[in-house]
Amino acid sequence: MRVFSIAALVLTVATTAAVAQTAQQWPREFPPRPLQARAMAFPPFEVKTLANGLTVVVVSQNEQPAISMRMIVRAGSAQDPKGKLGLAMLTAALLDQGAGARSAQQLAEEVDFMGAALGSGAGTDLSFINTVVMKDDYLNGLGIMADVARRPTFVPAEIERQRQQALSALKVAAEDPESVADLVVERLIFGFHPYGMPGSGTADTIRGLTRDDFVAFHRQHFVPNNALLAVVGDITSADALRGIEQHFGDWARGTVPPFTPVDPPQPTRRVIVIDRPDAVQTEIRVGHLGIPRKHADFEAVSQSVKILGGEGGNRLQGVLRSSRQLTYGASADLNTYKWSGAIIAQTNTQTPNTVEALRLIVDEFARLQREKVSDNELEAAQAYAVGSYPLSIETPDQLATQVLNMLFYELPVDNLPKFRERIEGVSPEEIQRIARWFIRPDQLSVVLVGNASAFVDRLKGAGFPLVERVPIGRLDLLSADFLKP
Amino acid sequence: MTRRWRWRVVLATVIGLATGVLAAAARPPKFAYQRVTLPNGLVAILHQDRSTPIVNIQLWYHVGSKDERPGRTGFAHFFEHLMFKGSRNVEPEQHTSIIASVGGQANAYTTEDTTVFWQTVPSQYLPLALWMEADRLATLRIDQDTFVREREVVKEERRMRIENQPYGRLNEIIYEQAFTTHPYRHPVIGSMDDLNAATLEDVRDFYATYYVPSNVTVVIAGDFDVAEAEGLVRQYLGRVPKAERAVPRDIPREPAQKAEKRVVVAENVPLPAVVVAHHITYDGHPDAYPLHIAAKVLSDGQSSRIYQRLVYQSGLALTAFGQANLIEHPNLFYAAAIVNPGQSPEAVEKALIAELDRIKAEGVSPRELQRSKNQFARDYILGRETVQQKATHLAHAEVLHADITTADGEFDIFQNITQADVKRVAGTYFTPQSRVVIHIMPKGGLQ
């Protein structure tokens with residue numbers, strides 16, 4: 001079946017001149033048949049919970065003499081208290097700037113000398129600490145990781161250093177059109193829900209954070225019953241677990257404060273133009289509210305978004321790049337978080353093409369909702385998803401990340417090896433049913449970051465009568481009208 | 001094990017043993033591969049790895065932006081785009097969709113020295129991938145309409161990557177200041193004026209000159225039977241006719257720089273940036289390896305010298321790094337920093353130069369040297385996890401070093417570098433007359 005559909009794609013009449021001589025002798029032919037498919041054994045992994053509630057994943061694989069360790073803590077920027085935006089991000093940045101008996105410089109020196117790597121950060125729903133060591137340094141690396149996760153010292157001088165770096169980074173990000181477009185569209189879609197707030201804070205909130213804030217955030221959230229740890233690589237599961245018991249077995253449980261966010265607001269269908277008069281391109285974002293990761297229709301929704309703008313499908317790329325040459329790249333992403341989610345399409349195009357590109361994106365949302373996806377298109381998207389799955393778990397680290405994700409979102413890990421059934425279980429009818437309620441062209445929020453005066457007048461004629469214009473220097477994500485007073 | 005190794009480090013330092021005996025913690029497995037040259041000149045390298053039922057196929061065309069003539073820049077990269085525009089048996093834009101429809105991924109990239117096309121597919125589709133690659137190597141469709149339309153996509157790519165990003169022009173500025181003659185002077189994406197001026201004949205000529213079997217190395221890494229894979233390479237790529245003329249390699253050399261260059265430019269940047277660059281040697285030259293070590297001592301990790309001095313201790317910079325850009329022809333070592341608000345570019349420049357001078361005057365400590373080797377071992381191991389990474393290392397050794405044994409051999413070369421080597425290369429290259437200093441200031445002045 002697959003071979004025939006490929007043949008249909010390739011064997012049409014060549015009308016244009018290739019390099020003449022070679023082409024004349026070169027055969028016209030069907031693509032070759034595939035070889036015998038090789039079976040994929042799903043790599044083994046183990047999941048365990050320690051007495052203190054720490055969830056542990058072990059993937060043992062000895063191809064390369066390295067071990068990677070990943071910890072996830074179930075608190076991210078969504079848990080930033082009101083008025084303290086950036087707290088999760090800065091707390092995570094401070095974890096390796098002094099921990100246990102080691103100063104920031106001692107930690108750096110020790111990690112670098114081992115030829116290891118250590119990094120920490122915060123996302124929307126979670127914070128993470130990643131460490132990679134060569135296999136002989138497993139216990140050393142785990143010891144450092146335990147200090148960083150459990151015993152950060154939050155030294156005042158380090159806090160000031162990280163604060164200054166965060167403020168400088170905000171200054172750079174404020175002039176980066178991609179970053180600005182992403183922040184504004186999330187704020188538009190999620191409103192003042194925690195998911196709409198900037199995780200890297202604002203200059204004011206970053207300046208206001210105190211050492212007590214970091215200590216409190218760490219104490220509340222960095223407890224074993226709120227964390228997951230994966231150990232992956234050239235080590236037996238018994239040795240991995242022995243080390244984990246040694247370094248994390250006596251980590252005391254804690255009481256995690258309940259998190260009960262309000263629902264995101266009703267869609268407002270606003271069009272915000274962030275004016276950057278010297279821009280040569282416009283960054284375009286178009287999106288609306290979506291679903292949380294745990295939603296029962298996740299697989300079907302995910303496939304419909306891939307047809308719109310993802311790998312293995314991507315109508316947006318076809319229309320905007322291949323047919324019209326309006327952009328280098330266009331895509332749509334389904335961002336699913338713990339409590340909610342969003343679908344966001346994005347592209348960039350030279351200033352004069354802004355309105356046309358926007359119009360085409362909105363049309364594709366409407367078409368997906370209106371028309372049934374063809375069997376061929378869905379089959380191709382699913383074939384891609386099934387066939388490329390082994391690529392996504394090629395390294396033990398990739399596999400561990402997938403297991404951690406399932407555990408983090410409280411999804412059954414036993415389903416991981418059933419990827420084929422999961423993907424192929426979605427029919428065109430199912431996609432259409434999903435698209436009817438999920439895809440909402442009438443609820444789209446639009447963000448355009450570019451040279452406003454070159455295109456705002458034409459937005460009305462294209463069906464966007466209400467446009468709010470914000471000079472980039474006056475952007476304020478925390479005000480209702482996005483304007484600094 | 002770990003403790004004993006540490007002891008040996010200390011001991012070696014005290015009694016001055018050659019550092020070569022200090023093996024890093026773990027030596028990664030060596031590559032096993034087969035190298036085949038076909039009658040048409042194409043080289044194939046096969047590396048079997050049966051851990052996952054996938055296969056990565058890469059074709060390295062030994063043509064990059066340095067092969068472009070003045071007035072015709074951007075061709076190599078433009079060809080990377082055109083190669084997706086259809087050939088005798090494959091319709092325009094279908095290469096990627098066909099690979100995707102069997103569950104594979106495909107893409108391409110262009111550098112100063114090479115143009116690389118790759119795909120990773122479930123292993124049973126190896127014949128399909130080789131068949132499509134041969135098709136576009138032999139019979140690419142090049143017509144006026146495609147050419148004109150795809151040029152618009154490249155223009156958007158340039159706007160996106162370079163013109164619309166803060167610091168997007170940084171690389172371009174460094175190279176147009178540092179080089180006068182060698183084509184490394186122009187950016188890989190090229191000049192849009194040149195692309196506008198190009199004719200269909202220019203494009204066809206470029207294809208006929210560089211897209212020939214003797215200019216291609218194919219590397220296949222993954223789950224396959226070696227004899228079967230070799231047969232498929234011969235069957236599909238072997239039938240591409242041999243080129244009638246040799247690939248030209250008459251690339252102008254860069255004359256030695258005689259005196260320090262200093263430049264201040266105004267750009268659309270939120271904070272100033274400072275670059276201190278030195279002309280150095282090429283990838284694979286014996287001096288290249290100690291230069292990489294110098295770069296690691298200067299800026300790999302938070303304990304590195306530049307990070308400590310400019311970011312951690314003084315807060316002069318938001319970010320700072322030093323890097324040896326070692327590629328096929330002599331290129332640059334550069335140290336660069338983004339200047340924090342309230343700090344001066346002059347102070348940042350002074351600190352960067354002081355760190356380069358310190359390596360020249362004092363060299364690196366035994367512990368720094370060992371640290372860099374351990375970090376190198378880490379990069380080496382973590383950089384060879386996927387079949388795509390493995391294929392890339394093999395291709396790089398074959399095409400850019402013209403010596404495939406370096407794909408493994410570099411590990412030992414690095415582990416054998418001495419303190420004296422690092423000091424010597426710093427003395428050779430970090431000279432005032434080879435220096436280029438660039439200050440990139442925000443348009444409209446500091447806020």
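This tour goes from a sheet in chain B to the helices packed on it, and then to the contact with chain A. The model is predicted, so that local features need pLDDT of at least 70 and side-chain atom pairs count only at pLDDT 80 or more, while totals for chains, interfaces and linings use all residues. Residues are numbered from 1 along each chain as its sequence is written, and chains are lettered from A in the order in which they are written, with ligands numbered from 1.

Select the five strands of chain B that form an open, mixed sheet in the order β7-β11-β8-β10-β9; strands are DSSP runs of E of at least two residues, helices runs of H or I of at least four, numbered from the N terminus, and two strands pair if DSSP finds at least two bridges between them. Because β7 (261–267) and β9 (317–325) of chain B each have a single partner strand, they stand at the edges, with one side of each left without a neighbour in the sheet.

Next, show β8 (273–279) and β11 (435–442) of chain B, which run antiparallel and are joined by six bridges; here B:H278 stands opposite B:R435.

Add helix α10 (288–299) of chain B, which packs on the sheet and touches β9 and β10 (332–339) of chain B, its direction making about 170 degrees with that of β9(B). Contact requires C-beta atoms, placed from the backbone, within 7 Å, and angles run from 0 to 180 degrees between N-to-C directions of axes fitted to C-alpha atoms, for helices over the stretch in contact.

Finally, turn to the contact between the chains, which takes 76 residues from chain B and 79 residues from chain A.

Technical notes: Two residues are in contact if their C-beta atoms, placed from the backbone, lie within 7 Å.
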